[in-house]
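The following exercises concern contacts between chains and between domains. Please work through each task before reading its solution.

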Amino acid sequence: MAKVLMKGNEAIGEAAVLAGCRYYFGYPITPQSELPAYLARRLPEVDGVFVQAESEVAAINMVYGAGSAGARVMTSSSSPGISLKQEGISYIAGAEVPCLIVNVMRGGPGLGNIAPAQSDYWQATRGGGHGDYRTIVLAPNSVQEMADMTIAGFEFADRFRNPVLLLSDGVLGQMMEPVNLPEPRDYDVNSKKWALGYKGSDKTERNLCSSIFLDQDELEEHNWHLYQKYQVVTDLFSKGEFKDFAVEEHLCDDAEIILVGYGIISRILKTVVEKCRKRGIKAGMVRPKVLWPFPTGVFERLAKTASQFLVVEMSCGQMVEDVKLSVDGKKPVFFFGRTGGTVPSDFEILNEVDKLVRPD
Amino acid sequence: MTMKKVFSRPASLSKTPFHYCPGCDHGVIHRLVAEAIDELEVADRTIGVAPVGCSVFAYDYFNFDFNQAPHGRAPAVATGIKRTRPESIVFTYQGDGDLAAIGTAEIIHAANRGENMTVVFVNNAIYGMTGGQMAPTSLIGMKTQTSPYGRDAATAGHPIHMSEMIATLESPVYVTRVTINNVANLMKAKKAILNAFKLQKEGKGFAFVEVVAICPTNWGKKPADAHKWLTENMLPVFPLGTFKDTHGVEKAA
């Protein structure tokens, strides 16, 4: 297929359709509004369903219903709206229903603003809602990856029967880049034997989709079952099948300072690394592409060869905690961030690097 | 002399013993739902959505697929299910705290979209599961855990009339309020629930049946006294009747 010039938000929409997603439930919020607008037009063309819900709360619960009935289903929103969805995400994780949730992050807390930010990292990677659960969190850094990770997200969701969060931001949502779109895949709503309304001769008893386990022993057993599933996911992303998918390394082998950033920040960091190299500073970059499970292994390894780490985020410092946990005190980990909707420039970051490598 | 079986458990009702308090109306209303599903021969494609509240375990008492929804969100969950599997018969079973308080937005908008689903709304004017707190449908002066001096209209407003509100919307095709305080009303309630499912089976749209019911435990009354109290106090506030019947399903019957 030829390359198409698309906005990040639209690329997610088209990729969802190509992934076999036929159900979208959402509520308008900036800066992700192009995504529901795209799907409102596109889904009817493929006999899909688009519903503009009365609230984010309703939208995520429609996702819960559709996912429990076997649909490949998604919703999208931006930071304040994702906060509203947390109740539903907790139920969806508890009931082990697959779905894709897109967060095109904007400045917070509260109503904040509509400019790009990365301040929902904790909410995304620590669960967000109540209870012992995890969501798989994918962090694209280009319009191409918005598409690719949308498709991968549906696959991960179905494979692990778990909600998957695509953590993007206002820059990625709004910017236009050429995208290579894959061939469409078929998805059969009747392919999940556990789903409500599943029809098959192998259905021997009725199906139930629930997150309530009133007996404490049963809930403990369920929570350990979820925990074990999360361990399997962690292993696959840290040393198994998706090891390479989980992290990008750039010029790290001989690097003395490792710059760390996810999403749009990694694009800026790549420029900073180039400029550092031209100036004789041995800099490298690590970009976590999956934020949960966090790629701790790469940091454990680089803590042996590099002398320091600089984490850059569009927040007051959230992912930096995971980097520190991974480096485990073996090397110093520094932080530079801009918050409230400001994107740091390569020049600002280069200044920070200078201060660290030339401390006088 | 040959014997004929004239009364038995509906096939859609499971053998699990009800956990409900003695005298509670939920068991009877569950049975009416199961009878409707059986009579319409749709058990193999029915999906229920259980609420949060006393009937949170409703899924245990039926023999078909079920989702257990977050508090108040059953109509949104049911929307997702029905849109995914339009051939299914989808219903929510909700109490007054679930439907008329925390889930007001979800019920109003599912009704307004005209989702082709059935809602069974059990209104007993109190939160049962949490131990008897004031509900949006509690009567003026009604004493509960959270209205110990009686519900005061000045600070807590008036009992909310969900059927009347929903009947103002254009999309719903059937909105009715029934009760099961005596045999005649029980038979009317059975008919109403059957109508509501029949309309869905025919693809006609959103049907809403409010059942005015008792909560002997949290009302602090014996079941018979509770039904008497319901008749004398609740029915004047929540009058029985059909507020909307677009397809004339009651006349046709």
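The domain bounds used below come from an automatic or database domain assignment. The model is predicted.

**Exercise 1.** Determine how chain A is divided into domains and how far apart the C-alpha centres of these domains lie.

*Solution.* Step 1: the assignment gives domain 1 (3-191) and domain 2 (248-357) in chain A. Step 2: between the C-alpha centres of domain 1 and domain 2 of chain A, the distance is 27 Å.

**Exercise 2.** Describe the side of domain 1 of chain A that touches domain 2 of chain A.

*Solution.* Step 1: count residues whose C-beta atoms, placed from the backbone, lie within 7 Å of each other. In chain A, 24 residues of domain 1 are in contact with 20 residues of domain 2. Step 2: α5 (121-125), β6 (136-138), β7 (163-169) and α7 (170-174) of chain A each give two or more residues to this side of domain 1. The largest share, 4 residues, comes from α5(A). Step 3: by class, this side of domain 1 has 14 nonpolar, 8 polar and 2 charged residues.

**Exercise 3.** Analyse the side of chain A that touches chain B, and identify the strand pairing between the chains.

*Solution.* Step 1: contacts join 32 residues of chain A to 25 residues of chain B. Step 2: the elements of chain A that give two or more residues are β2 (23-26), β3 (49-52), α3 (56-68), α4 (79-94) and β9 (208-209). With 9 residues, α3(A) gives the most. Step 3: the residues on this side of chain A comprise 19 nonpolar, 10 polar and 3 charged. Step 4: β9(A) pairs with strand β2 (residues 65-68) of chain B in the parallel sense, over 2 bridges. A:Cys209 has B:Asn67 as its bridge partner in β2(B).

Terms used: Residues numbered from 1 in each chain as written. Chains lettered and ligands numbered in written order. Predicted model: local features only at pLDDT ≥ 70, side-chain atom pairs only at ≥ 80, totals over all residues. Contact = placed C-beta atoms within 7 Å. Nonpolar A, V, L, I, M, F, W, Y, C, P; charged D, E, K, R; others polar. Pairing = 2+ DSSP bridges.
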